[in-house]
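Hi everyone, thanks for making time. I'd like to walk you through a structure that may be new to you, so please have a look at it with me.

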Amino acid sequence: DDDAVIEPLVAALAAMHESDIFRFDDILAEKLHALDGEKYARNIGMDAYKDGEYFSVDLFLYARACTVANGRKDFETALANPKKMIKNKDFEVLLYVAQKAYERKTGKEYKHIPEPNYETYSNESGWA
C-alpha cells in the first residue's frame, strides 16, 4: 500500500512550515532531474529505453522516483553508476507527497511548481 508507506512523510511535512513543503518538492525535483538521462533510462529493467522501441516516459519517471525513495545511498550509487538503478520497480506516489502535505496543512489547492522540471527528457544534457 503505497499511501501507507508515504503517510509518515506526509504527516511530518504537513506539520512543517509551507516553505519547508515547497523546499522538499524542489529537492525531490532536483534528484529526479539528475537521474533523467539516457544512461539511466537504459538501466531500469524490462521497460528500459531501447533504440527504436516504445519507451514510457511516465514509467521512467516513476522508476526514478523509486530510486530516490530508496534513500540517499541508492540515489548516489545510481547517480554514479547508472547500472545500479533499481530495476523493475516504480513509486509514483512519491511525486504527490508535497501536494498531499500542503493540502492537509492548508486545505488549499497545491499550486507550487517545483524546479527544476523533472519530466522525462527535461534534462537536456542527460539526453545529448
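**A walk through the chain**

Let's start with a pair of side chains: D3 and K100 form a salt bridge, and their closest N and O atoms are 3.6 Å apart. This pair joins distant parts of the chain, since D3 sits in helix 1 (residues 2-14) and K100 in helix 6 (residues 97-106), 97 residues apart. By salt bridge I mean a side-chain nitrogen of Lys or Arg within 4 Å of a carboxyl oxygen of Asp or Glu.

Before I go on, a word about what you are looking at. This is a predicted model, where local features need pLDDT of at least 70 and side-chain atom pairs count only at pLDDT 80 or more, while totals for chains, interfaces and linings use all residues. Residues are numbered from 1 along each chain as its sequence is written, and side-chain values use heavy atoms, with hydrogens and water left out.

Now the overall picture. How many helices and strands does the chain have? There are 6 helices and 0 strands, so called because helices (H or I, at least four residues) and strands (E, at least two) are DSSP runs, numbered from the N terminus. Read from the N terminus on, the elements run α-α-α-α-α-α. Along the principal axes, the C-alpha atoms fill a box of roughly 45 × 30 × 25 Å. With 128 residues, a compact globule would have a radius of gyration near 14 Å, and the 15 Å of this chain agrees with that. That radius is taken over C-alpha atoms, and the globule rule is 2.2 Å times the number of residues to the power 0.38.

What share of the 128 residues counts as buried? The figure is 39%. Here buried means under 20% relative accessible area, exposed means over 50%, and partly exposed is in between, with a 1.4 Å probe and protein chains only. The areas themselves come from the Shrake-Rupley method with a 1.4 Å probe, and for residues only the protein chains shown count as cover.

Back to the salt bridges, then. The count comes to 6. In the pair we began with, D3 is partly exposed at a relative accessible area of 43%, and K100 is partly exposed too, at 34%. Another salt bridge joins R23 and E30, with the closest N and O atoms 3.6 Å apart. R23 is partly exposed, with a relative accessible area of 43%, and E30 is partly exposed, with 36%.

Next, please find E38. It forms a salt bridge with R42, and the closest N and O atoms there are 2.6 Å apart. E38 counts as partly exposed at 24% relative accessibility, and R42 counts as partly exposed at 33%. Which residues are linked with E38 in a network of salt bridges? They are R42 and D51.

There is also charge outside the salt bridges. D1, D2, D47 and D90 gather in a patch of negative charge on the surface. Such patches are made of residues with over 30% relative accessible area and no salt bridge, with like charges joined within 9 Å and nonpolar side chains (Val, Leu, Ile, Met, Phe, Trp, Tyr) within 5 Å. Lys and Arg count as positive and Asp and Glu as negative, while His and the chain ends are not counted. The place of a charge is NZ of Lys, CZ of Arg, CG of Asp or CD of Glu. From this patch, D47 lies in the loop between helix 3 (38-41) and helix 4 (57-69), and D47 is partly exposed, with a relative accessible area of 39%.

Let's turn to the backbone. The peptide bond from E115 to P116 is cis, with omega near 0 degrees, and P116 lies in the segment after helix 6. Y121 lies in that segment after helix 6 as well; it has a positive phi of about 80 degrees although it is not a glycine. N88, in the loop between helix 5 (72-80) and helix 6, has a positive phi of about 60 degrees and is not a glycine either. N88 is partly exposed, with a relative accessible area of 48%.

Finally, two aromatic residues. Is F75, in helix 5, buried or exposed? F75 counts as buried, at 8% relative accessibility. Y110, in the segment after helix 6, counts as buried at 12%. The C-alpha atoms of Y110 and Q99 are separated by 5.5 Å, with their places 11 residues apart along the chain.
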